[in-house]
Amino acid sequence: MRSKRFGLLAAILVALNLVLWLAPAGLALRRAVITQLFGPRLVRAEVIESTGGGTTNDIRIDRGVVVTQTSSDITLHELDGRSQDIPLSATTRMRRRNLVGWRVLVVWSANGPAMSVQAEKKVAKGKSNVHRKVQGAAHILRP
């Protein structure tokens, strides 16, 4: 009787150990999906967040090459050919000040200035990678 209880307890502990050991691998799938959606092939995204009380916060993410830049806005040329003007403010986080010719990722509020501008890669002069087809993409949507 005692050995049966011990065997049952051992089996339960082994099963629990196996479940806890495999759980992080299952959670990694979520990270892979997020990386796929917000990774280097992202052109633009719009995220609408509920802030409670029936209000929402509309956040946009754009990636492209900076064509023009002033103290108040930047213009991106995106992979699908679209040009996007994005307002800047004194609170916009930027590591580099002169971004013309750089591929950047911009996070901004739909009704406000950019929150951050992250420089990714300098595009070689005369060789704009903006129109390069994204590998593995089924098609590129036009606005």
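Strands here are DSSP runs of E with at least two residues, numbered from the N terminus. Keep in mind that this is a predicted model.

**Exercise 1. Place S109 and decide: buried or exposed?**

*Solution.*
- Start with the backbone: S109 sits in strand β6, which covers residues 102–109.
- Next, check the cover. Buried means under 20% relative accessible area. S109 comes in at 13%, so it's buried.
- Now look at the side chain, which makes a polar contact of 2.7 Å with the side chain of N111.
- Finally, skip the neighbours within four places in sequence: S109 is then in contact with N57, D58 and M115.

**Exercise 2. Work out which elements give two or more residues to the largest nonpolar core.**

*Solution.*
- Begin with the members. The core has 13 residues, and I74, V104, V106 and V117 touch the most other members.
- Then sort by element: β3 (73–78), β6 and β7 (114–122) each give two or more residues. β6 gives the most, with 4 residues.
- Zoom in on V106. Leaving aside neighbours within four places in sequence, its contacts include I61, I74, L76, I86 and V117.
- For background, nonpolar side chains in soluble globular proteins tend to be buried together.

**Exercise 3. Find which residues make the nonpolar surface patch of about 260 Å², and classify F38.**

*Solution.*
- The patch is made by L37, F38 and V47.
- F38 belongs to helix α1, which spans residues 2–38.
- Partly exposed is the class between under 20% (buried) and over 50% (exposed). F38 has 42% relative accessibility, so it counts as partly exposed.

Notes: Residues numbered from 1 in each chain as written. Predicted model: local features only at pLDDT ≥ 70, side-chain atom pairs only at ≥ 80, totals over all residues. Heavy atoms only, no water. Buried < 20%, exposed > 50% of the residue type's maximum accessible area, 1.4 Å probe, protein only. Polar contact = N/O pair within 3.5 Å; in protein donor to acceptor, adjacent residues only side chain to side chain. Contact = heavy atoms within 4.5 Å. Core = buried A, V, L, I, M, F, W, Y, C linked by side-chain atoms within 4.5 Å. Patch = residues over 30% accessible without salt bridge, like charges linked within 9 Å, V, L, I, M, F, W, Y side chains within 5 Å. Areas by Shrake-Rupley, 256 points an atom, 1.4 Å probe, with all protein chains shown as cover. Salt bridge = Lys/Arg side-chain N within 4 Å of Asp/Glu carboxyl O.
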